[in-house]
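Me: I should like to go through this structure by asking, for each label applied to it, on what grounds the label rests. Please set the value against the criterion in each reply.

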Amino acid sequence: DPQKTAFLLRKQWTLYSVTPLYRFSNAHLRDYARLLSAFIAAEKQKGLAGGGGAFKCFFSPSQLSSRSPASPKNSEEKLIWSGWFCCVSGDDLSENVAEDFTCLPLFLANGAECYTSIVGSWFQKTFDCCFRHLAISPLNLSWMAAMWTGCKVDKTTSAMELVFSVPCLPQPLDISYAIHPEDAKALWDTVQKTPGEITQEEVDVFMDCLYSHFHRHFKIHLSATKLVKVSTAIASAHCDGIIKFLQSQYLTGVLMLLTELAISQIQ
């Protein structure tokens, strides 16, 4: 769906893994929207939801949005929070759960964390599931760097950027390492043995070559630091579980990878 794809692009999404939902049904989405709206209104009265006006919630099979209308009744409603359930190539997980459960292991949230907390709380109470922040390990970030470097895009002027956190310092210190996309792609092409397939050895060699180049110029061992962020023309990802999709043609592949990470956390 081009419209939904465009909605996902170039926004900052926070990742969560979700255990299977008990007795969730697409046939009752309108009822869920009404119940969630009431739940948010109740939380607002407790002072747990900010913003003025009444809140409205909208469901679709893959999107949940919360809108807060402006003061005049006829004024345009403002989108203040969005959430997406996702399961791309998660068939193995679906086959291994009981009949009354629905598997949507990956959840993406865009908006204030207070709304994410409220929506997650409602889903957990209503469908007996569990939301957990989905962090991305340095190992998975290095895989993303290698895979996305190897992807072809029509036009790109942005460099591939790797951000490393230096441990054991009194004050936080990050090191940003930018590589021209054509140079990164040329390096990956010399490392990858079989097009379309990636091994851990190839990822390790790719990263080691980048580390050696950096050390040759700056005398800093990046292998002693922690990779915390990867930015490419395809997407950017942070170890805290924050993602930004930048290319529509690779959206499904990125969501597939994130779904696998979510499934590995809940199994």
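Me: How is the crossing of H2 and H4 described, right-handed or left-handed?

Reply: In this model, which is predicted, H2 and H4 cross in a right-handed sense.

Me: What makes H2 and H4 oblique to each other?

Reply: Helix H2 (residues 29–45) packs against helix H4 (residues 113–127) at an angle of about 125°, and their axes are 10 Å apart. Roughly perpendicular covers 65 to 115 degrees, and roughly antiparallel begins over 145. The angle of about 125° falls in neither range, and H2 and H4 are therefore oblique.

Me: Which residues meet where H2 and H4 pack?

Reply: From H2 come Tyr32, Leu35, Leu36, Phe39, Ile40 and Glu43. On the side of H4 they meet Ile118, Val119, Ser121, Trp122, Lys125 and Phe127.

Me: Why is H6 called oblique to H7?

Reply: The axes of helix H6 (residues 181–191) and helix H7 (residues 200–218) come within 10 Å and cross at roughly 135°. An angle over 145 degrees would be needed for roughly antiparallel; roughly 135° does not reach it, so H6 is oblique to H7. The crossing of this pair, H6 and H7, is right-handed. In H6, the residues Ala184, Leu187, Trp188 and Val191 meet Glu202, Val203, Val205, Phe206, Cys209 and Leu210 of H7.

Me: What makes H5 and H8 roughly antiparallel to each other?

Reply: Helix H5 (residues 138–149) and H8 have axes that come within 12 Å and cross at roughly 165°. Roughly antiparallel applies over 145 degrees, and roughly 165° satisfies this, so H5 and H8 receive that label. H5 passes H8 in a right-handed crossing. Asn140, Met144, Met147 and Trp148 represent H5 in the contact, where they meet Val254, Leu257, Leu258 and Leu261 of H8.

Me: Where does Lys185 lie, and which residues does Lys185 touch beyond four places away in sequence?

Reply: Lys185 belongs to helix H6. Beyond four places in sequence, Lys185 touches Thr149 and Gly150. The C-alpha atoms of Lys185 and Gly150 are separated by 5.8 Å, although the two residues are 35 apart along the chain.

Me: Which residues touch the most other members of the largest nonpolar core?

Reply: This core has 52 residues, and Leu108, Leu162, Ile243 and Phe245 touch the most other members. Helix H8 (residues 251–266) gives the most to this core, with 7 residues. At least three residues of the core come from each of domain 1 (2–134 + 262–266) and domain 2 (138–239). Apart from it lies another core, of 25 residues, including Phe24, Cys57, Ile118 and Trp122.

Me: Which residues does Leu162 touch, not counting residues up to four places away in sequence?

Reply: Leu162 touches Ala145, Ile175, Ser176, Tyr177, Ile179, Met207, Leu210, Leu227, Lys229 and Val230.

Me: How do you know that Gln247 is buried?

Reply: Buried requires a relative accessible area under 20%. Gln247 has 16%, and is therefore buried. Gln247 lies in the loop between strand S13 (242–245) and H8. Leaving aside neighbours within four places in sequence, Gln247 is in contact with Leu9, Val153, Ala233 and Ile234.

Me: Why does Arg10 count as exposed?

Reply: The criterion for exposed is over 50%. Arg10 has 57% relative accessibility, so Arg10 counts as exposed. Arg10 lies in the loop between helix H1 (2–8) and strand S1 (13–18).

Me: What makes Cys168 exposed?

Reply: The relative accessible area of Cys168 is 82%. This is over 50%, so Cys168 is exposed. The loop that holds Cys168 lies between strand S9 (160–165) and strand S10 (174–179).

Me: What is noted about the phi of Arg10 and of Cys168?

Reply: Most residues other than glycine have a negative phi. Arg10 has a positive phi of about 60° although it is not a glycine. Cys168 likewise is not a glycine and has a positive phi of about 60°.

Me: How many helices and strands are there in the protein, and what percentage of the residues is buried?

Reply: The protein has 8 helices and 13 strands. Of its 267 residues, 43% are buried. Among contacts with a separation of 6 or more, 64% are between residues 24 or more positions apart.

How values were computed
Residues numbered from 1 in each chain as written. Predicted model: local features only at pLDDT ≥ 70, side-chain atom pairs only at ≥ 80, totals over all residues. Heavy atoms only, no water. Core = buried A, V, L, I, M, F, W, Y, C linked by side-chain atoms within 4.5 Å. Buried < 20%, exposed > 50% of the residue type's maximum accessible area, 1.4 Å probe, protein only. Helix = DSSP H or I, 4+ residues; strand = E, 2+ residues; numbered from the N terminus. Domains from an automatic or database assignment. Contact = heavy atoms within 4.5 Å. Axes fitted to C-alpha atoms, helices over the stretch in contact; angles between N-to-C directions. Parallel < 35°, antiparallel > 145°, perpendicular 65-115°, else oblique. Left-handed = near helix turned anticlockwise from the far one by under 90°.
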